[in-house]
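Trainee: I'm new to this one and would like a close look at a single part. Could you pick up from my question once we have it on screen?

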Amino acid sequence: MEAPHFRETTAIPKCFHLAQTLDCGQAFRWRPADPQGLVWEGAAKDRYLRLEDRGETLALSCSQEELEDFWSGYFDLETDYEEKRRALSKMSPALAQAAAFAPGIRILRQDPWEALCSFLISQNNHIPRIKGIIERLCQLLGEPIGDTGWHSFPGPERLSACSLEDLAPLRAGFRAKYLLDAARKVTTGEVDLDRVAGSPVEEGRVELQKIHGVGPKVAECALLYGFHKTECFPLDVWMKRAMALLLPGTDPKAFGSNAGLAQQYLFHYCRLHNIGGR
């Protein structure tokens, strides 16, 4: 497939770096398209995008209308992350160091259903394998996105009609039954994603944990990355160790509405410096 032509450009806001945002473990359908990591391509829901960092501007393969209606919101381009980074950096030297290491991370505004499935798949898994399972899921059940070679993310209705045998090509292991349970409960309305979006975070945690396989960590990830509940701070055993080493005695609630961004700074920094034993 010939690479799509870039059609639009937009100014790059402060604190936005493609590789730091797209390869920090919050989304799994993006990949670099050049050795320097300046060009990336990927998909969200039923849309494909190729984009290039040109220094002060970002070139995109979409129309101006699609940039304004979808991708600007997806990348959270209108939010002032410089102010968020400064506020977090004042809280501790360790957090300032983590924020300085990857100041270009933004919290993507992903589709709630896609994020929920992605983090069900992420359990006891590593990023290359997560990406592989998600790609196979989209190829198996999604629709082609034009002639890009990419496929849309299948909705809950499409997935709920499947059996475990249908999902065998995903090679998802025990996670396949979690995906089916999520799809069926969302399709029947037993779990209402719109209600989660409009409810306080505590209610969202309870609602999502009705799904088999959704524990506190997966619920927190889905709420942060899929519902943009930025006060959420996903914690697993490794992240708890990292917090104990870098910020002993700190309650993530202290980060307030910037907790999710603090978690991403710390997660990315600790993952690439092998802090916490991961």
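Trainee: Is Lys45 buried, partly exposed or exposed, and what is its relative accessible area?

Mentor: Keep in mind that this is a predicted model. Lys45 is partly exposed, because its relative accessible area of 38% falls between the 20% limit for buried and the 50% limit for exposed. You'll find Lys45 in the loop between strand S3 (39–44) and strand S4 (47–53). Its backbone is worth a look too: phi of Lys45 is near 55°, a positive value in a residue other than glycine.

Now put Cys15 beside it. Cys15 isn't a glycine either, and its phi is positive as well, at about 60°. This residue also belongs to a loop, the one between strand S1 (8–11) and helix H1 (18–22). Cys15, though, is buried, with a relative accessible area of 11%.

For some wider context, let's move along the chain to a pair of helices. The axes of H5 (residues 112–121) and H8 (residues 175–188) come within 9 Å and cross at roughly 155°. That angle is over 145°, so H5 and H8 are roughly antiparallel to each other. Their crossing is right-handed. On the H5 side, the contact includes Trp113 and Leu116, while the H8 side includes Tyr178 and Leu179. Sorted by type, the residues of this contact come out as 10 nonpolar, 1 charged and no polar.

Finally, an unreviewed UniProt entry annotates residues 121–271 as "domain: HhH-GPD". That span is 56% helix and 0% strand, and its end C-alpha atoms lie 19 Å apart.

Key. Residues numbered from 1 in each chain as written. Predicted model: local features only at pLDDT ≥ 70, side-chain atom pairs only at ≥ 80, totals over all residues. Heavy atoms only, no water. UniProt positions renumbered as here; feature names shortened; annotations may be inferred. Helix = DSSP H or I, 4+ residues; strand = E, 2+ residues; numbered from the N terminus. Axes fitted to C-alpha atoms, helices over the stretch in contact; angles between N-to-C directions. Parallel < 35°, antiparallel > 145°, perpendicular 65-115°, else oblique. Left-handed = near helix turned anticlockwise from the far one by under 90°. Contact = heavy atoms within 4.5 Å. Nonpolar A, V, L, I, M, F, W, Y, C, P; charged D, E, K, R; others polar. Buried < 20%, exposed > 50% of the residue type's maximum accessible area, 1.4 Å probe, protein only.
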